[in-house]
Amino acid sequence: MKSSRLLFGYALAYLAFLYVPVLVLPLFSLNNSAFIAFPLAGFTTRWYAGLADSALQHALVNSLKVGIATALISTLLGLTAARAVTRYRLRGANAALGVISLPLFIPDIVLGISLLLLLGTLGLPLSLASVVLGHLLICVPFSLTVLIARFEGFDRNLEEASADLGEDGWMTFWRVTLPLMLPGIVASLLLTFITSFDEFLVAYFLSGTEATLPVYIWSQLRFPARLPMVLALGTLILAVSVVLVIFAEKLRNQGVKKPVVGA
Amino acid sequence: MSFLSVSKVSKAFGGNTVVDAVDLNVERGTFFALLGPSGCGKTTLLRMIAGFETPDSGTISIDGEVMNTVPPHQRPTNMVFQSYAIFPHLNVFDNIAYGLRKLRLPREELRRRVETMLATVRLEGLGGRAADQLSGGQRQRVALARALVREPKVLLLDEPLGALDKRLRDAMQIELRTIQRKVGITFLLVTHDQEEALSLSDRVAVMSGGRILQVASPRELYERPNCREVADFIGEINFFHATVKEMTDSGVTVNAGLLGIVTLPRANVAPGIAAGDTIALAIRPEHVRIGREGVAGEIVTRTFLGERSHFHVKIAGRTEPVAVSGQPPSGKDATLAFPPENLIALPADQT
């Protein structure tokens with residue numbers, strides 16, 4: 001009896017620890033005071049109105065560009081690699097997977113600095129393209145994981161059946177593989193987009209003069225008066241992220257339906 | 001050359017020979033079964049004919065054309081997969097129409113062909129049904145229709161009834177046979193179920209360990225197996241140790257120990273047996289006679305099967321009871337006779 005009450009208390013504390021900081025964000029974004037402190041001063045939406053700022057919008061557009069490019073390229077690379085790993089008996093497939101996934105375990109700050117040095121050595125200018133490159137390193141392992149799971153979930157015989165029914169490799173991909181992979185592809189697009197959109201460290205090092213949204217937010221934190229506006233922005237990003245993640249997870253779990261065997 | 005001809009085909013996976021120099025000839029329009037226990041290489045052979053695996057050596061030809069280098073999508077074969085492989089994102093109609101895209105048929109013609117096929121497999125009106133709303137039997141029919149609608153030269157069936165329950169399987173067996181007669185296409189069926197192979201096919205090839213042991217009609221396989229393994233695999237059978245005493249043109253005299261000295265007709269002797277050989281003398285349970293004369297024994301188990309019973313008789317000097325099928329005597333004792341004309345002489349195991 002006592003231990004179950006203790007466990008309940010622990011679970012409550014755990015959830016509070018996870019989500020109270022997140023809830024502070026929307027709370028103070030609606031608070032009518034430039035100071036982030038209790039007691040609350042009253043309700044306002046003026047911080048949200050303050051978001052209509054051209055530098056901010058420019059950063060937002062940059063982030064969208066980087067995010068979309070990263071998502072598309074990463075998913076495409078992930079798709080081809082996942083197909084190769086799951087469909088063919090490849091020598092060194094596991095080693096290749098390990099190497100591809102390694103960036104997951106390298107601290108982003110190390111990744112950022114090393115990429116910065118590399119680009120500098122090669123004499124390449126910093127731009128949104130270099131941010132995309134950095135984000136690809138982080139995102140391809142995500143795409144790969146999602147897509148491999150999807151490939152493993154569908155009957156290999158389906159592709160053979162398509163070949164048997166007269167379709168070559170490309171038409172089989174188009175008529176069978178792609179439609180069945182679609183939920184996985186969409187999930188990969190969403191996950192990599194969010195990862196890129198939220199990423200700060202690598203973008204901070206590689207973006208040069210073209211700030212992405214997180215980099216812009218970081219730059220705004222120097223001005224205390226801008227803080228509530230950043231909270232408002234953070235609240236919006238949070239809301240969109242949550243919706244996208246839920247959507248992506250739903251798609252990811254929507255497996256190819258298992259055939260009913262027997263009468 | 002036969003319609004479908006497999007010549008000296010071998011295939012190994014990682015040094016493990018799965019199909020070993022197999023020769024196979026299938027005539028046009030026949031229902032042919034490849035029968036064997038799992039792992040005997042029958043599915044690999046089927047997949048090589050479909051083009052999903054490449055033979056290490058040997059040739060496969062269909063209707064006079066060598067198939068070895070032809071990719072699966074250009075072969076005149078279609079396959080019914082064991083898992084059926086119904087496309088889950090397409091409905092029944094689109095599944096069946098899948099292989100007709102290349103023909104670029106007018107809409108009406110396409111509809112007519114698919115609907116004719118739906119009628120053939122008795123799925124009228126189910127064209128709009130989603131793939132995941134089909135029962136096992138219906139999935140099997142869709143897989144069959146999808147393959148047949150392309151009018152292949154050879155239809156390949158990989159354990160097509162394996163996933164169905166017993167009653168449905170029996171019904172589908174009769175139907176498969178009817179459909180084959182109707183469309184006249186050469187069917188090549190792979191199965192481990194001897195009853196299925198015997199009841200469906202015109203000819204059966206028994207496979208084991210990557211080799212074909214015997215190719216014959218179902219009746220021949222049952223009555224004249226050419227080796228112990230085939231005899232054992234097809235139906236139930238009793239074996240007795242024996243040695244060949246004398247061989248003449250009309251018959252073979254063997255010393256069969258418990259059964260005494262018997263002379264059996266020459267036709268009952270498998271090829272490759274010579275005087276002095278140790279052999280296995282085989283007899284089917286329904287050929288063992290129960291009467292007054294012969295070997296005395298004691299009934300140990302009985303199974304009532306309707307018009308006849310199946311029972312096992314323990315006889316002295318033999319550990320394994322003799323399987324008998326027929327009308328058992330009322331008591332415990334039974335006297336068994338083994339008519340020489342029903343005894344088959346087979347080579348003893350090589351081991």
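This section describes chain B of a predicted model, a set of strands within that chain, and the side of chain A that touches chain B.

In the predicted model, chain B comprises eight helices and 19 strands, and its C-alpha trace spans about 75 × 45 × 35 Å along the principal axes. Of the 351 residues in chain B, 41% are buried. Among the contacts in chain B with a separation of 6 or more, 64% are accounted for by residues 24 or more positions apart.

Strands 11, 12 and 13 of chain B are linked through two antiparallel pairings, the one between strand 11 (residues 238–247) and strand 12 extending over four bridges and the one between strand 12 and strand 13 (residues 261–265) extending over five bridges. Strand 11 of chain B is joined to strand 12 of chain B by a hairpin of three residues, and in this pairing B:T243 is placed opposite B:N255 of strand 12. The hairpin of strand 12 and strand 13 of chain B has five residues between the strands, and within this hairpin B:G257 adopts a positive phi near 60°. In the pairing of these two strands, B:V254 stands opposite B:V262 of strand 13 of chain B.

In a regular strand, side chains alternate between the two faces of the sheet. Such an alternation is found along strand 12 (residues 251–255) of chain B, where B:V252 and B:V254 point to one face and are buried, whereas B:G251, B:T253 and B:N255 point to the other face and are not buried. Thus B:V254, which is opposite B:V262, belongs to the buried face of strand 12, while B:N255, which is opposite B:T243, belongs to the other face.

Within strand 11 of chain B lies B:A242, a residue that counts as buried because 26 C-beta neighbours are found inside 10 Å, the cut-off for a buried residue being 20 or more. Residues up to four places away in sequence being left aside, B:A242 touches B:V254, B:N255, B:A256, B:G257, B:I279 and B:L281. Two of these residues, B:V254 and B:N255, also appear in the alternating pattern of strand 12 of chain B, and B:G257 is the residue with positive phi in the hairpin of strand 12 and strand 13 of chain B. The C-alpha atoms of B:A242 and B:A256 are 4.2 Å apart in space, although the two residues are 14 residues apart in sequence.

Between the chains, 21 residues of chain A are in contact with 28 residues of chain B. On the side of chain A that touches chain B, the elements giving two or more residues are helix 7 (157–164) and helix 8 (169–198) of chain A, and helix 7 of chain A gives the most, with six residues. By class, this side of chain A has twelve nonpolar, three polar and six charged residues.

These two helices of chain A also pack against each other, at an angle of about 140° and with their axes 10 Å apart; helix 7 and helix 8 of chain A are therefore oblique to each other. Helix 7 of chain A passes helix 8 of chain A in a right-handed crossing. The contact is formed by A:L158, A:E159, A:S162 and A:A163 of helix 7 of chain A together with A:T172, A:R175, A:V176 and A:T177 of helix 8 of chain A, and by class it has three nonpolar, three polar and two charged residues.

Notes. Residues are numbered from 1 along each chain as its sequence is written. Chains are lettered from A and ligands numbered from 1 in the order in which they are written. This is a predicted model: local features need pLDDT of at least 70, side-chain atom pairs count only at pLDDT 80 or more; totals for chains, interfaces and linings use all residues. A residue is buried if 20 or more other C-beta atoms lie within 10 Å of its own, exposed if 12 or fewer, and partly exposed in between; C-beta atoms are placed from the backbone. Two strands pair if DSSP finds at least two bridges between them. Two residues are in contact if their C-beta atoms, placed from the backbone, lie within 7 Å. Ala, Val, Leu, Ile, Met, Phe, Trp, Tyr, Cys and Pro count as nonpolar, Asp, Glu, Lys and Arg as charged, and the others, Gly among them, as polar. Axes are lines fitted to C-alpha atoms, for helices over the stretch in contact, and angles run from 0 to 180 degrees between N-to-C directions. Angles under 35 degrees count as roughly parallel, over 145 as roughly antiparallel, 65 to 115 as roughly perpendicular and the rest as oblique. A crossing is left-handed if the near helix is turned anticlockwise from the far one by less than a right angle, and right-handed if clockwise.
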